[in-house]
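Dear colleague,

Please find below the structure for your attention. A short account of what was found in it comes after.

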Amino acid sequence: MLVIEIVHNLSVLIVVSLISGTIARRFDEQSLKNGILQGTLYGATTVLVMLFPLVFQPGLVFDGRSVMLSLAALFFGPLTACIAAAMAILCRILQGGVGTIMGVSVIIASTGLGTLGYWLHRKGRFPYDPLRFSILGLVVHITMVLLMFTLPEALAWNVVNRIGLAIVIAYPLATV
C-alpha cells in the first residue's frame with residue numbers, strides 16, 4: 001500500500017512541478033504574485049494528496065504532505081510555504097481524529113525545515129542537488145517519525161514499529 005501511495009504522490013508532484021514551472025516563467029521568482037500563486041498551487045495539491053491518504057486507522061492518516069510542503073518551502077520561500085501550510089493545516093484539522101496534533105505538527109515541521117533549506121540555499125550553503133534533497137527528505141521524515149510520539153503511547157509505538165522505517169526510507173526518496 002505504501003508503494004502505491006508513493007507512486008501516486010510522485011505522479012502528482014510531477015504534474016505540480018510542470019504547472020509550477022509555468023507559473024515561475026510567467027512571473028518574477030521573487031514577486032508577490034508568484035509567491036501567492038505557488039502557495040495556492042502547492043496548498044491545493046497538498047490538500048488533494050491529503051484527501052487520498054494511507055489510512056492507518058480512522059483519524060490517523062499518512063500522505064505526501066510532508067514532501068509537498070518541504071519542497072514548496074525549499075523552492076519558493078516563506079510566503080509560498082505559509083499559504084500552502086495554512087491550507088494543509090485547515091484540511092487536517094477538519095479531518096480530525098487521534099492524529100490531528102501529529103498531522104498539524106508534521107505540516108509545521110516540514111514547512112519550517114523546507115524554509116530553513118530555502119534560506120541556506122540563498123546564502124549559498126545548500127545547493128540544489130540530489131544529496132541535499134536526500135538530506136532534507138531524511139531530516140523531515142525522521143522528524144515525522146519522532147512526531148509520532150505525540151500520539152497516545154501505545155499507538156505511537158505501534159505506528160513507529162509498523163511504518164516508521166518505511167517512512168524514513170520511502171519518503172526521502174520521494175523528496176529527491
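The notes that follow concern one helix, a pair of packed helices and a glycine in a loop.

This is a predicted model, in which local features need pLDDT of at least 70, side-chain atom pairs count only at pLDDT 80 or more, and totals for chains, interfaces and linings use all residues. Residues are numbered from 1 along each chain as its sequence is written, and side-chain values use heavy atoms, with hydrogens and water left out.

Helix α4 covers residues 100-122 (helices are DSSP runs of H or I of at least four residues, strands runs of E of at least two, numbered from the N terminus). Its 23 residues should span 33 Å at 1.5 Å a residue (1.5 Å times one less than the number of residues), and the end C-alpha atoms are 33 Å apart, which agrees. Among the buried residues of α4 (under 20% relative accessible area, 1.4 Å probe, protein chains only) are Met102, Val106, Ile107 and Tyr118. Their cover includes α2, β2, α3 and α5. Glycine 124, with a positive phi near 80°, follows α4.

The axes of α3 and α5 (lines fitted to C-alpha atoms over the stretch in contact) come within 11 Å and cross at roughly 135°. The contact (heavy atoms within 4.5 Å) involves residues including Leu74 and Phe75 of α3 and Phe133 and Leu136 of α5.

Glycine 96 lies in the loop between α3 and α4 and counts as buried, at 17% relative accessibility. Its C-alpha is 8.7 Å from that of leucine 60, although the two are 36 residues apart in sequence.

With kind regards

Notes. Buried < 20%, exposed > 50% of the residue type's maximum accessible area, 1.4 Å probe, protein only. Axes fitted to C-alpha atoms, helices over the stretch in contact; angles between N-to-C directions.
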